[in-house]
Amino acid sequence: MTTGQPEKLGLGELRFPEADPRLKKWSFGNLLAFTGPGMILASVTIGNGEVFSASRGGAVFGVAILWTFVFCAIMKAAIVYSGARYITLTGEHPFQRWAQIIPGPRNWLALLLGILAVACFPSWAVAYFQGLGQWSNWTFHTDINPMIWGMIWGVIGFATVFIRSFKIVENFQTVVVGLMIIFAFIAVFVSNPPWVEALRGLIPGAPADYPQWVKDGFPDVAARPIPLEIIAYLGALGGGSYDYIGYVGSLRAKRWGMLGVPNPAELEAKLDRLDTDVARIPLAEDGENLENGRAWLRAAQLDVVASFVSVTILALTFLILGDVVLGTGAAESVPNNDNILSDQAAFFSVISPVLVYLYQIAIWAAFFGSLQALFSTIYPYTVREAFAPSFTFLRNPEHWHKIRVAVAAYTFLGATFLLFSGVSYTAVISFAGILGGVLSLGVWGFAQLWTEHKVLPKAFQMHPALRVVVLISSIFLFIAGAIALVQFFVNFLG
């Protein structure tokens, strides 16, 4: 590692570009203007996270577990924002700095979280294969092996990596999924849920047991320990480290904060040589630079808040509908391996049977759009940011297309293997959700707190209240993830 003071590296005092004037006042229009990567992040979790997991949670436990989704969304948002604010303030991904400041072999933590994320890629992708396979038979009224249908959609999704512009399809997906969210929200009011019980569900409390009808009709569900079942839902909510590493990296394209300097690659290279055991990152601390830095942080805040508010509203909507339409005293049906999506169509038929067709189209848009985004955008960024500190050739823009193709090919082949291995849908999303959506996020939060303390000037560090939220979130997610992972393997191995 090359060491030296900032002056020797030609850094001097780092100043932010002039902040966009819209960031200096909050409005709904500005919220829309500064959301982009966050909504892509939200969109890639809708199918497995909100449509399946939240519906299943509502059917099994009712509105009593509403609080777990709200609390988990806040915890995940805090940890994701800690990474987004760091890259906005410094111009470097936090994983790059961990190479220097985390005790132990160089880059070990970035490599560990990168390996855990990459291990989850095929699990998450095969869940979309399986969902689209069942959707195809249901929608087209065929009786083809769902694995064949899933494979067809997987091939199409992989092929989109080679298409330069997918904008028309992406816009179509956005509109259709948006309509699904609107009508799902309307369906909540039409179905007249138990509002008082729903409000009580925001008060923390744990279910003592599964309902009797679940034990009688769905013994495979009742066989799972309750903490494992609930934490698996939370792991799927809003994504995990396999998405968030890439999300933070994708902010480079937005050029917010220090990412918007004339030559961000040159700045990143200089920061890479800066020994932060000797000197902190030299951000100018005068009033003007502080104001610009805080204004740019609002862009990251808006993006993260919009993303997690969206997934939380959708998750709570599907949880409530799962309780009212599928739960105790209603249909008493649990979305499971053989019935991932079709039961939820009843959520829309309470308004009009015609809306079932909208739901079918929206489910395709959510699942296929998510699969395409994972192949072409989120996962390649995750690989770049997790492994670039160790393998610098990954930073070269000329290699970006090769990285995308290689990551998509690995994900596609791994998902294909899992698809034909017969592994269950609930098993793969539980594993990926617990490992990447809960446990590793706790580790990320601890590392980010240390990074802020070690590297940033005090004036640019998190507000104490945010530090407390990140700390509590990290502790909870790490412990909950460790417990659930042990229970998962005990349950999976019989």
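**Group meeting: a walk through an all-helix chain**

Okay, let's start with contacts: if you take the pairs in this chain with a separation of 6 or more, 85% of them join residues 24 or more positions apart. Keep in mind that what we're looking at is a predicted model.

So what is the chain built from? It has 20 helices and zero strands. For overall dimensions, the C-alpha atoms fill a box of roughly 70 × 45 × 45 Å along the principal axes. The radius of gyration is 22 Å, and that agrees with the value near 23 Å you'd get for a compact globule, because the chain has 494 residues.

On to the surface. Buried residues make up 60% of the 494. The accessible area comes to about 19,200 Å², and carbon and sulfur atoms own 67% of that. For the electrostatics people: there are 30 positive and 31 negative charges, and their mean positions sit 8 Å apart.

Now the inside. The largest nonpolar core has 168 residues, and the ones with the most contacts inside it are F69, W124, M180 and W444. Let me stay with W444 for a second. What does it touch, once you leave aside neighbours within four places in sequence? The list is I79, S82, G83, W98, L113, S241, Y244, I245 and V248.

Another residue to click on is L439, in helix α19, residues 425–455. L439 has 14% relative accessibility, so it counts as buried. Again skipping neighbours within four places, its contacts are I434, L477, F478, G481, A482 and L485. There's also F476: L439 and F476 are 37 residues apart in sequence, with 9.1 Å from C-alpha to C-alpha.

If you want a whole helix that is mostly covered, go to α12, residues 226–236, where 10 of 11 residues are buried. The buried set includes I226, I230, I231 and L234, and E229 is in there as well. Just after α12, G238 takes a positive phi of about 70 degrees.

Which brings me to backbone angles. Most residues other than glycine have a negative phi. Here are two with a positive one. N192 is not a glycine, yet its phi is positive, about 50 degrees. N192 sits in the loop between α8 and α9, and with a relative accessible area of 57% it is exposed. Then there's E332, also not a glycine, with a positive phi near 50 degrees. E332 is in the loop between α15 (287–326) and α16 (346–349), and at 32% relative accessibility it counts as partly exposed.

Back to that α8–α9 loop for a moment. S191 is there too, between α8 (167–190) and α9 (195–200). Is S191 buried or exposed? It's buried, because its relative accessible area is 16% and the cut-off for buried is under 20%. Not counting residues up to four places away in sequence, S191 touches L321 and V324.

Last stop, R106, in the loop between α5 (94–101) and α6 (108–140). At 42% relative accessibility R106 is partly exposed. How far is its C-alpha from that of P389? They are 283 residues apart along the chain, and the C-alpha atoms are separated by 9.2 Å.

That's my tour; let's open it up for discussion.

Terms used:
Residues numbered from 1 in each chain as written. Predicted model: local features only at pLDDT ≥ 70, side-chain atom pairs only at ≥ 80, totals over all residues. Heavy atoms only, no water. Helix = DSSP H or I, 4+ residues; strand = E, 2+ residues; numbered from the N terminus. Rg over C-alpha atoms; globule rule 2.2 N^0.38 Å. Buried < 20%, exposed > 50% of the residue type's maximum accessible area, 1.4 Å probe, protein only. Contact = heavy atoms within 4.5 Å. Areas by Shrake-Rupley, 256 points an atom, 1.4 Å probe, with all protein chains shown as cover. Lys, Arg positive; Asp, Glu negative; His and termini not counted. Charge placed at Lys NZ, Arg CZ, Asp CG, Glu CD. Core = buried A, V, L, I, M, F, W, Y, C linked by side-chain atoms within 4.5 Å.
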